[in-house]
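The following note is offered to a colleague who is meeting this structure for the first time. Its points may be read in order beside the model.

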Amino acid sequence: MRNKINGSLFVERFVARAKQNSAWSLAVVLLFGVLVAPVAHGEMVWEDLPPLPGPSSGHFVGTHNGALIVAGGSNFPVSPFKGGKKQWLDRIYVLKSGADSWIDAGQLPGVRAYGATASTEDGVWLLGGTDGTECFDSVLRLRWVNNELSVDAVAGHQGTLPKPSAFNGGALVGDTIYVVGGQTNPKATEALSTVWKLDYTKNDVTWEAVEAMPGPSRMLPVVVGRDEGLYVISGASLFAKDDGTTGRIFLNDAYRYTDGQGWKALTGPPVPLLAAPAAPWGQAHIFVCSGDDGSLFEKSAALGDDHPGFPNTVWAYQTVTDTWVESGTIPEAYVTTQATIWEGRMVIPAGEDRPGHRGTRVFSGAPTGVAKGFSPLDYGAIALYFLVLVAMGFYFSRREKDTEAFFLGSRNIPWWAVGISIFGTSLSSITYLAIPATAYATNWVPILSNLGIVLVAPIVVFYYIPHYRKEPIATAYAYLENRFNLATRLYGSLIFILFQVGRMAIVLFLPAIALSAATGLNIRACILMMGILATVYTVLGGIEAVIWTDVIQAVVLLFGALLALYLVVSNIDGGLSAALATAQDYDKFHTFNWTWDMTTTAVWVCIVGQFFTMFYPYTADQTMVQRYLSTASERDARRAVWTNAILTIPVSFIFFGLGTALWAYFRSHPEQLDPNLKNDAILPLFIMAQFPAGLKGIIIAGVFAAAMSSLDSSMNSLASVFVNDYYRRFKANVTEASALRMARVLTVLLGAFGTVAALILAGMESTSLFSSYLKLLGLAGGGLAGIVALGMLTKRANGTGALIGALVSSVLVALVNHYTEIHFFLHGFIGFSVAFVLGYGVSLAMPQRDPQP
């Protein structure tokens, strides 16, 4: 647990005021660099909800249409140690959001308890169960619609499990419901080892068994579904004792099942967690609360009502590092109950608090985050960094006398600076955070995709740059008009504009999420800071400010990555050798998937797919082409491209190595992980925890600068396209002064638009619609690259063929994306190939006179 870092009283007062509104947040950011809100380290924090109307355990728990539902269960009105008998229940209770009491919403067709539950969009599925005399194979479904509850038996083959099953576990993974283990009758002396699955969205399917789970058969397992698969933890196997009763062997193993890949053994919990309520949390955690560890199982009868109850420990399992850590305690140690996520919190509605006794208490909990904070030295370092960026804008503003200088740096920027800028633009803050996060969470397979940059470089150098440099054009799309016609120029520029306008919001929003979560930044203040600063120095300094700030940003980020790599390795228990050995044991260096399957990241999919995907950014994207045109000569442009390609190889290894090292570090120190953070925040989390004061501020500022690098490139290149492909192209007698003025006005408007759009995204509950918009536009990139290649590599292609090829390519790739499972790496290959081949074929069939290259 880390203590709060105390700054000066003046800074703390500003921070306190900044928490209250975004205007003060921006003031703090501009004065001190970042706004932080230190919090205590992450243990589960609980609060009470309205209690159940009556004591119960073994009930079904789920959610539907915003309501919390509890059905069935059992109770002992009189202690069994005083002759009481178990009472089986059939009532259904519903708790609506904000309500202060439960609604008695009806009853089940009969008493039922100790079955599995799966909450789906179609309702809460009750899977098996028992009434004390027999176990059920039937499946029921509860729906809460228009403030009314309906109960129905699931129809057809979906409504019958392969065998009767109670004391089982269940979970939902995607659209698939799983039922794990259990027993076929209440007095069974052997538990089930079966796992059944069903896609509940398909009416014509039946329950089917997956391959047998490793380890012993089990009842009352902890079963949790996550996107990556089904987790089965603990439980108990059964056996017949000599006296005829049933004995239990308490288990503390764990497994994950992934459809298509089978079972994988995981690190088991430190103690058995029989019948514990559990739920997934965040991107990589599972919380398991209480559980019967078996230590008093054989003594239950002797202890009777003096039984002290079950352990109240909350265990957090981290799915990426495969580690367990204690995460506080639970208010009441309930077992034989279920947990669910409701209104963003983990809810546990009552349960068995000791043998023969049930409770009514309902509570919800959520983990707090890891403490975050900056020292005054960090504030100063960040403020200084941003002042340097703005100063560079003022410095270069003295040279921006015309659009040639504003957009192309008077075609006289050093090749090495342009090369680093190309590299820095590719190394956006999203990439800087995402590559280590990918290696941390998975393996090294994605590193193959970076080969695409290296493979494309020779083609760009020897074929594309000579064409772009042949005439004094200012945009990539001017080439399309010179080679084909005006329509292709407008098509290319329009695709670029639509994609980049949307992308500006994303390059501000996504890193802001990760940095906000990892550092405590106010996300809106963060977006405002990046948007305003990037707009200021880009308006002032044009492409020169963009390129030279890229150089500084790339150097700072590479220094930060190398320093992080050193600090990570030096703090791993056992050092580098231990980290390498552990990573090897977990196959973290896995790189090659040797398969012909085109739906996965096979070697050929990565290489071929990314080779063609890279054609769009490196041959048809104005942000890159603009840099090729900003050097003094064709030779210098070639050097710039080679510089980027050469840097890509070692830097890829550095970032993937850093991600693997972070995995090894947090596997050694799982208590430092924040369950509320996504994997993309893993590097900022480490920086905040381990970097020295001052350096911490510089590196976080560098991450911000990386986001601004992507934003400033988009603003300047978009302004260039608007001015050159539309304003000058369609307006007569445009003076150089008016064109420059228009460029600056457009830059301000674009910066404002990107910033406001990112702020809107920050306030949206779901950004899926916006992401779909960008994804749809991105599908057109391969086609655009295809027609640029068509112009440069053929002589008989014409504008009609090029346009038809591009449009058909975009439609076809959209259909492939929607209706097939072909890996998205291949979408660029499909789009490029269709546009090129079809465009050339149509040109041959419909010859016309277009300008030749």
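1. Strand E21 (residues 285–289) and strand E22 run antiparallel and are joined by 5 bridges. Within this pairing, isoleucine 286 stands opposite tyrosine 317 of E22. The reader should bear in mind that the model is a predicted one.

2. On its other pairing, E22 is joined to strand E23 (residues 323–329) by 5 bridges, and these two strands also run antiparallel. Threonine 313 has threonine 329 in E23 as its bridge partner. E22 and E23 make up a hairpin with 4 residues between them, and aspartate 322 in the turn has a positive phi of about 60°.

3. Proceeding to E20, one finds that E20 and E21 pair in the antiparallel sense over 4 bridges. Here proline 280 stands opposite isoleucine 286 in E21. Isoleucine 286 thus appears in two pairings, since it also stands opposite tyrosine 317 in E22.

4. Together these elements form an open sheet of 4 strands, ordered E20-E21-E22-E23, with antiparallel pairing. Strand E20 (278–281) and E23 each have a single partner strand and stand at the edges, so one side of each is left without a neighbour in the sheet. On average, neighbouring strands of this sheet are turned by 25° against each other, direction ignored.

5. Is strand E22 mostly covered or mostly uncovered? Strand E22 (residues 313–318) is mostly covered, with 6 of its 6 residues buried. In a regular strand, side chains alternate between the two faces of the sheet. In E22, Thr313, Trp315 and Tyr317 point one way, Val314, Ala316 and Gln318 point the other way, and all are buried.

6. A further open sheet has 4 strands in the order E14-E15-E18-E19, and its pairing is antiparallel. Its edge strands are strand E14 (222–226) and strand E19 (262–266), each of which pairs on one side only. The average turn between neighbouring strands of this sheet is 20°, direction ignored. E14 pairs with strand E15 (residues 229–233) in the antiparallel sense over 5 bridges, and glycine 225 has leucine 230 in E15 as its bridge partner.

7. The nonpolar interior deserves separate attention. In soluble globular proteins, nonpolar side chains tend to be buried together. The largest nonpolar core in this model holds 162 residues, of which Phe386, Tyr432 and Tyr468 touch the most other members. Helix H11 (residues 523–570) supplies the largest share of this core, namely 24 residues. A second, separate core has 31 residues, including Phe167, Val314, Ala339 and Ile348. Val314 also belongs to E22, where it is buried.

8. Which residues does tyrosine 468 contact, its neighbours within four places in sequence left aside? Tyrosine 468 is in contact with Ile473, Ala476, Tyr479, Thr619, Ala620, Val625, Leu629, Val788 and Met792 when those neighbours are left aside.

9. Tyr468 also takes part in a helix packing. Tyr463, Tyr464, His467 and Tyr468 in H8 meet Val788, Ala789, Met792 and Leu793 in H21. The axes of helix H8 (residues 451–470) and helix H21 (residues 781–793) come within 10 Å and cross at roughly 80°, which makes H8 roughly perpendicular to H21. The residues of this contact divide into 7 nonpolar, 1 polar and no charged.

10. A second helix packing involves H11. Two packed helices are described by the angle and the distance between their axes. The axes of H11 and helix H17 (residues 682–690) come within 11 Å and cross at roughly 70°; H11 and H17 are therefore roughly perpendicular to each other. In this packing, Ala564, Leu567 and Val568 of H11 meet Leu683, Phe686 and Gln690 of H17. The contact of H11 with H17 divides into 5 nonpolar residues, 1 polar and no charged.

11. A final point concerns asparagine 450, which lies in the loop between helix H7 (429–441) and H8. Why is asparagine 450 counted as buried? Its relative accessible area is 17%, and buried means under 20%. With neighbours within four places in sequence left aside, asparagine 450 is in contact with Thr648, Ser652 and Phe656.

Technical notes
Residues numbered from 1 in each chain as written. Heavy atoms only, no water. Core = buried A, V, L, I, M, F, W, Y, C linked by side-chain atoms within 4.5 Å. Buried < 20%, exposed > 50% of the residue type's maximum accessible area, 1.4 Å probe, protein only. Contact = heavy atoms within 4.5 Å. Axes fitted to C-alpha atoms, helices over the stretch in contact; angles between N-to-C directions. Parallel < 35°, antiparallel > 145°, perpendicular 65-115°, else oblique. Nonpolar A, V, L, I, M, F, W, Y, C, P; charged D, E, K, R; others polar. Pairing = 2+ DSSP bridges.
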